Amino acid sequence: MSHDHDHHEKAKGRDFDEGPPSEYEIMSRAMQELLEAKGLITAEEIRQRMEQFEEDFPYRGSKVIAHAWADAAFRKRLLEDGKAACAEFGVDLEADRLIAVENTPEVHNLIVCTLCSCYPRALLGMPPTWYKSENYRKRVVREPRAVLREFGTVIADDVTVRVHDSNADMRYVVVPMRPAGTEGWSEDELARIITRDSLVGVTVPKP
C-alpha cells in the first residue's frame, strides 16, 4: 500500500517523542510490570535481552545501500527482490517481503507503519522512538512535507512524496539518491553517510 501526497504545510516544529504513550507502549509496559511482579523476569534480564537484540540485529542497511550505489547489477536485484538481495549480505529478514523503493529527482519515498511499528529490524536495527510514536504514524500520511521539514528535509514542490505503509508481511526500505561529489568513494566511505533515517526516508544522505 502506498499513498501519493502533494501537501505543502507550514512546519509545526513538534517533537515526535512528545505526548502520551501509545496503546502498544502501555500494553508492553503493563506486561513487563506484571511479569516482574510475578517473579518471572527481572528488569536486568530485560535490559540484557535488549542489548543482545542490538548485537543480533545491528544496523546493516548502510552497507547494503552503499553496495547498491556502487554495483548497478546488485541495485537491480535489490529493487526486484529486496529480501533475496539482502540475503546476499547474510541478512535474514523477518517479513515475507522487503520492497526497496528508489528515490529519484521526481519522487521521494517515505516509510511508516500506520497500525503499529512494522520495521525491517534485521536490516536497520531497533526502530527509533519517533517511528513508533502515534504522532509520526498519523501525521506523516496527512502532511508528509511538514513532517520532513521537521527532520530538516525540504522537498521541492515539483517532487512527488510517496508514503509507503509497512505491515507484518511486507517491509520497505528507501534507496536514497547517491549525492553528487561521491564519485570514486569506496563502499566503506559511502556507508558512513548513509543513516538509518535516510533509509526510512525522513532525511537524505549528505557528503
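## Buried rings, enclosed helices and enclosed spaces

Trp130 counts as buried, because its relative accessibility of 10% falls under the 20% cut-off for that class. The model in which this residue sits is a predicted one, and every value given here is computed from it. Next to Trp130 in the sequence stands Tyr131, which also counts as buried, at a relative accessibility of 1%. The rings of Trp130 and Tyr131 form an aromatic pair whose arrangement is edge-to-face, with 6.2 Å from centre to centre and 75° between the planes. The angle earns that name because planes over 60 degrees apart count as edge-to-face. The structure holds 6 aromatic pairs, and ring pairs join Trp130 and Tyr131 with Tyr119, Tyr136 and Phe151 into a cluster.

Two members of this cluster, Tyr119 and Tyr131, lead on to a cavity. They are among the residues that line the second largest cavity, together with Ile111, Pro120, Leu124, Tyr172, Leu199 and Val200. The volume of this cavity is about 30 Å³, and the structure has 2 cavities of 30 Å³ or more. Sorted by class, the lining of the second largest cavity consists of 8 nonpolar residues, with no polar and no charged ones.

Another ring of the cluster, that of Tyr136, belongs to a residue of helix H8, which spans residues 134–142 and whose buried residues are Asn135, Tyr136, Arg137, Arg139 and Val140. What covers these buried residues includes strand S3 (107–112), helix H7 (129–132), helix H9 (144–150), strand S4 (160–165) and helix H11.

Helix H11 (196–200) appears again around helix H3, where the cover of the buried residues also includes helix H4 (72–80), helix H5 (82–87), helix H6 (121–124), strand S5 (170–175) and helix H10 (187–191). Why can H3, at residues 61–70, be described as largely enclosed by the rest of the structure? The reason is that 8 of its 10 residues are buried, namely Gly61, Ser62, Val64, Ile65, Ala66, His67, Ala68 and Trp69.

One of the helices that cover H3 is H5, and H5 is where Ala84 is placed. Ala84 is partly exposed, because its relative accessible area of 40% lies between the 20% and 50% limits. Along the sequence Ala84 is 13 residues apart from Arg97, while in space the two are 9.0 Å apart, taken from C-alpha to C-alpha.

The cysteines give a further example of reasoning from a distance. The structure holds 0 disulfides, although the sulfur of Cys116 has its closest cysteine sulfur, that of Cys118, at 3.8 Å. This is too far for a bond, because a disulfide requires the two sulfur atoms to be within 2.5 Å. Is Cys118 buried or exposed? Cys118 counts as buried, at 10% relative accessibility, whereas Cys116 is partly exposed, with a relative accessible area of 26%.

The last feature of this account is a pocket. About 190 Å³ of space lies in the second largest pocket, and of the 16 residues that line it, the closest to its centre are Asn103, His108, Ile155, Met177 and Val204. The lining of this pocket is made up of 11 nonpolar, 4 polar and 1 charged residues, whereas the lining of the second largest cavity has no polar and no charged residues.

Key. Residues numbered from 1 in each chain as written. Predicted model: local features only at pLDDT ≥ 70, side-chain atom pairs only at ≥ 80, totals over all residues. Heavy atoms only, no water. 1 Å grid on protein atoms, 1.4 Å probe; cavity = no way out; pocket = protein on both sides within 12 Å on 5 of 7 lines; lining within 4 Å. Points joined across faces, edges and corners; volume = space filled by probe spheres on them. Nonpolar A, V, L, I, M, F, W, Y, C, P; charged D, E, K, R; others polar. Buried < 20%, exposed > 50% of the residue type's maximum accessible area, 1.4 Å probe, protein only. Helix = DSSP H or I, 4+ residues; strand = E, 2+ residues; numbered from the N terminus. Contact = heavy atoms within 4.5 Å. Phe/Tyr/Trp six-rings, centres within 6.5 Å; stacked < 30°, edge-to-face > 60°.
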